[in-house]
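Here are my notes on the model you sent over, point by point. Have it open in a viewer while you read.

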Amino acid sequence: MDIKVSRPIDREKWLMYLGVKGQPDERLSGELDRAEKVLLQEARIKGIYRVLPREDVKTSGFSVAKHLEGCHKVAVMAVTLGIGVDNLIRNKQITDMAFAVILDCGASLLIESACDAFEKEIRESVGDFTTSRFSPGYGDYPLEHQEDVLRYTDASRKIGINATDNCLLVPRKSVTALIGIADHPVTGRLATCGECVLREKCTLRKEGKHCGD
Ligand code: SF4
C-alpha cells in the first residue's frame, strides 16, 4: 500500500537531529529545502500490515509483553521509504558528506512520519482500542524479531524489505512494529531506560529526556 505523508519534514526536529541550536542561517535553510525536495522525489513510501491473534505473534522480552498486555490481537506492520533513498544517501556520501548527513537525518524523520500516517490508517481500519507501535530493538524486545514481522507481513515480496544476517533492514530507512489491539481501552507501556537495549548510546537519555515525552 502506498503511504501519503501529508506534512513536510519537521524542521525543528531536523535541526535538533543535526545538533543545530537556534535558527538556521540562510545557507542551511537552503540545504534543508534542497534535501527535502530530493528526498520526497526519491522516496517510494510503502507499508503493509496484517492483524493476527496475539498468540500467533512471537515476541520475547519483558517490555513488549507489558506493552501488549490485555491485547487479544496484534497488527504487525512494516514500512519503507524504498531503496532509492538509500542510493541517494550513499551517492552523496562519496561526493558531499555534509549534505549526506542532512539527507540521512531527514530520511529518518520521513520514515517516522510515514509510520505515524500508516499507524493512523491501521487504527482507523481495525476500529478497536489500540496501543501505540512498538518496534524490535526497542526496550528489551530483540532486533532478531524483525524477521518474524517481515515473514508475517510477507514484506519482502510485497514491498521489498529484507533483513541482513545481523538483523538490519534493507532498505535502511524501513521500520517494523507491532500495535496491540484490544476490546477495552489500552495504553500500552513504553520501555523504561533501565530495560532498554539502546540506553548506552541513546542521546535522549543522556540529555535527561525520554522517547515517550
Ligand atoms: S529514552 Fe532512549 S534509552 Fe530510554 S527507553 Fe527511550 S530509547 Fe530507550
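The points below go through the helices, the salt bridges, the backbone oddities, the cysteines and the ligand shell.

1. First, a reminder that this is a predicted model. Every number below is computed from it, so read the side-chain contacts in that light.

2. Start with helix α5, which covers residues 97–126. Does its length fit its residue count? With 30 residues at 1.5 Å a residue, α5 should span 44 Å, and its end C-alpha atoms sit 43 Å apart, so the two agree. Right after α5 comes G127, with a positive phi near 75°.3. Helix α5 also carries several charged partners. E119 and R123 form a salt bridge, with the closest N and O atoms 2.7 Å apart. The two residues are four apart in α5, which puts about one helical turn between them. E119 is buried at 9% relative accessible area, whereas R123 is partly exposed at 30%. This pair belongs to a network of salt bridges that links E112, D116, E119, R123 and R133.

4. Another salt bridge starts from α5: D104 pairs with K173, and their closest N and O atoms are 3.3 Å apart. The pair links distant parts of the chain, since D104 is in helix α5 and K173 is in the loop between β5 and β6, 69 residues apart. D104 is partly exposed, with a relative accessible area of 22%, while K173 is buried at 8%.

5. Near the start of the chain numbering, have a look at E36 and R11, a salt bridge with its closest N and O atoms 3.6 Å apart. E36 lies in helix α2 (residues 26–42) and R11 in helix α1 (residues 11–17), so this pair ties together parts that are 25 residues apart in sequence. E36 counts as buried at 13% relative accessibility, and R11 as partly exposed at 27%. The structure has 16 salt bridges in total.

6. How much of α6 is covered? Mostly covered is the verdict, with six of its eight residues buried. Those buried residues are Q146, D148, V149, L150, Y152 and T153. The elements covering them include β1 (46–53), β2 (73–80), α7, β4, β5 and β6.

7. Just past α6 is D154, which has a positive phi of about 60° although it is not a glycine. D154 sits in the loop between α6 (146–153) and α7 (155–159). Its relative accessibility is 25%, so D154 counts as partly exposed.

8. C167 does something similar: its phi is positive, about 70°, and C167 is not a glycine either. This cysteine lies in the loop between β4 (162–163) and β5. At 8% relative accessibility, C167 counts as buried. I'd check the backbone at this residue by eye.

9. A cis peptide bond runs from V170 to P171, with omega near -5°. P171 is placed in the loop between β5 (169–170) and β6 (174–182). K173, from the salt bridge with D104, is in the loop between β5 and β6 too.

10. On the cysteines: how many disulfides does the structure hold? The count is zero. For C115, the nearest cysteine sulfur is that of C211, 15 Å away. C115 is buried, because its relative accessibility is 0%, whereas C211 is partly exposed, with a relative accessible area of 45%.

11. Last, the ligand. Which residues surround the ligand? The shell is made up of Y138, A191, T192, C193, C196, L198, R199, C202, R205, H210 and C211. By class, these divide into seven nonpolar, two polar and two charged residues. C211 therefore turns up twice in these notes: in the ligand shell, and as the partly exposed cysteine at 45% relative accessible area.

Key:
Residues numbered from 1 in each chain as written. Predicted model: local features only at pLDDT ≥ 70, side-chain atom pairs only at ≥ 80, totals over all residues. Heavy atoms only, no water. Near = heavy atom within 4 Å. Nonpolar A, V, L, I, M, F, W, Y, C, P; charged D, E, K, R; others polar. Buried < 20%, exposed > 50% of the residue type's maximum accessible area, 1.4 Å probe, protein only. Disulfide = S-S within 2.5 Å. Expected span 1.5 Å × (residues − 1). Contact = heavy atoms within 4.5 Å. Salt bridge = Lys/Arg side-chain N within 4 Å of Asp/Glu carboxyl O.
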